[in-house]
Amino acid sequence: MARSTPTYTPVRNYAISFFLSSLMLFSDIHYGAFVPLRGYVNASTLYAQMISNGIFENIVKTFSSFQRNKNILHENKELKEKILEIRTKDFIHRKDNEEKIQIINFHKDLTNSLKNKDAAIYEIASIDLRNYLCCSTHRIFLRNDENVSVGKNSPVFAGESFIGQTKDSYLNFIEVILLSDFSHVLPIKSNFLYCDAKGKGKPMLISCKVNKTSKNFNYQIGDTVYTSGLGGIFLKDIEIGFISAIDSFSIDEVEVLITLKANPLEETFYGIMGEEADEI
């Protein structure tokens with residue numbers, strides 16, 4: 001509850017306070033009575049300032065150190081990314097150079113083997129591996145990034161021998177039927193053998209059925225087999241493989257198995273003979 005009238009303070013209280021203040025001031029001026037106290041207060045204030053300044057400096061140093069570490073980590077990250085980018089570019093460059101060398105060497109081998117420079121080189125895109133290893137349909141697909149027109153039934157060369165012939169083109173791919181495909185027929189010959197070899201539907205195998213009563217029945221395992229040139233598709237006298245087995249088929253016939261020279265699982269580049277086309 002608020003007071004209704006002001007409180008009265010005696011005059012002597014003011015006088016006593018004035019007297020004591022004057023006495024303390026006089027003692028301090030003439031005798032330095034409060035010098036230690038003031039020194040203690042000043043020292044305490046200075047010490048408090050030093051502590052606060054030290055704390056502030058430590059905070060600033062900690063923040064600066066954290067910022068420097070952050071910058072260093074960022075620089076390290078950028079440096080690692082730059083090194084990775086350089087390594088990637090170097091790998092791609094070396095890979096491109098290696099592929100270019102492979103293409104050049106393959107083209108030299110191709111022209112030397114076929115005596116024909118009218119051949120375009122394509123890189124393999126995929127092989128129907130599941131069917132190739134287990135079934136009768138043997139196909140590979142070549143990249144045709146330039147969408148070059150390629151004729152059907154053009155002979156396809158890989159490694160050091162023929163490997164099949166073109167079947168069709170789809171978008172940017174060329175389908176190749178391999179010699180080992182069960183539906184493919186290749187005219188071949190050896191020193192004592194002429195026949196139309198059919199694909200066995202097994203990797204790298206073709207076969208002929210021959211009458212063993214024939215006067216030419218004089219071949220044996222290991223004999224080299226060549227293209228005969230009949231049929232008008234494959235060049236003559238290109239080594240295609242060797243006789244690897246001779247099995248009885250019936251009373252009068254034997255089956256001559258030929259292992260092909262070119263292995264599609266080991267080749268990257270293929271040459272297609274026929275119309276000129278852009279190289280990869």
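The protein chain has three helices and twelve strands in its secondary structure. Keep in mind that this is a predicted model. The chain runs to 280 residues, and 31% of them are buried. Its accessible surface adds up to about 18800 Å², with 57% of that belonging to carbon and sulfur atoms. As for contacts between residues at least 6 apart in sequence, 58% join residues at least 24 apart.

**Strands β9, β10 and β11**

Let's start with a run of paired strands. Strand β9 (residues 224-227) and strand β10 (residues 239-248) run antiparallel and are joined by three bridges. Val225 is one residue to look up here, with Gly241 as its bridge partner in β10. On to the next pairing: β10 and β11 are also antiparallel, and seven bridges hold that pair. Asp247 has Glu255 as its bridge partner in β11. Between β10 and β11 the chain makes a hairpin through four residues.

Thr259 is a handy residue for a closer look at this region, as it sits in strand β11 (residues 253-260). Is Thr259 buried or exposed? Thr259 counts as buried because its relative accessibility is 18%, and the cut-off for buried is under 20%. The side chain of Thr259 makes a polar contact of 2.9 Å with the side chain of Ser244. Which residues does Thr259 touch, leaving aside neighbours within four places in sequence? The list is Met204, Leu205, Ile240, Gly241, Phe242 and Ser244. Gly241 thus turns up as a contact of Thr259 and as the bridge partner of Val225.

**Ile174, inside the fold**

Ile174 belongs to strand β5 (residues 173-178). With a relative accessible area of 0%, Ile174 is buried. Again leaving out neighbours within four places in sequence, the contacts of Ile174 are Tyr122, Ile140, Phe141, Leu142, Asn144, Val150, Thr166, Asp168, Ser169 and Ile272. There is also a spacing you can check by hand: the C-alpha atoms of Ile174 and Gly151 are separated by 9.9 Å, and these two residues are 23 apart along the chain.

**A nonpolar patch on the surface**

Now for some isoleucines on the outside. Ile51, Ile55 and Ile59 make up a nonpolar patch on the surface, and together they have about 280 Å² of accessible area. Ile51 is placed in helix α2 (residues 35-114). What is the relative accessible area of Ile51? The value is 40%, so Ile51 is classed as partly exposed.

**Two positive phi angles**

A couple of backbone angles are worth checking as well. Asn153 has phi near 65°, which is positive even though the residue is not glycine. Asn153 is in the loop between β2 (139-143) and β3 (155-158). Asp237, another residue other than glycine, has a positive phi near 65° too, and its place is the loop between β9 and β10.

**Accessibility at a glance**

Here are the residues discussed above, with their relative accessible areas.

| Residue | Relative accessible area | Class |
|---|---|---|
| Thr259 | 18% | buried |
| Ile174 | 0% | buried |
| Ile51 | 40% | partly exposed |
| Asn153 | 44% | partly exposed |
| Asp237 | 42% | partly exposed |

Technical notes
Residues numbered from 1 in each chain as written. Predicted model: local features only at pLDDT ≥ 70, side-chain atom pairs only at ≥ 80, totals over all residues. Heavy atoms only, no water. Buried < 20%, exposed > 50% of the residue type's maximum accessible area, 1.4 Å probe, protein only. Polar contact = N/O pair within 3.5 Å; in protein donor to acceptor, adjacent residues only side chain to side chain. Contact = heavy atoms within 4.5 Å. Patch = residues over 30% accessible without salt bridge, like charges linked within 9 Å, V, L, I, M, F, W, Y side chains within 5 Å. Areas by Shrake-Rupley, 256 points an atom, 1.4 Å probe, with all protein chains shown as cover. Salt bridge = Lys/Arg side-chain N within 4 Å of Asp/Glu carboxyl O. Pairing = 2+ DSSP bridges.
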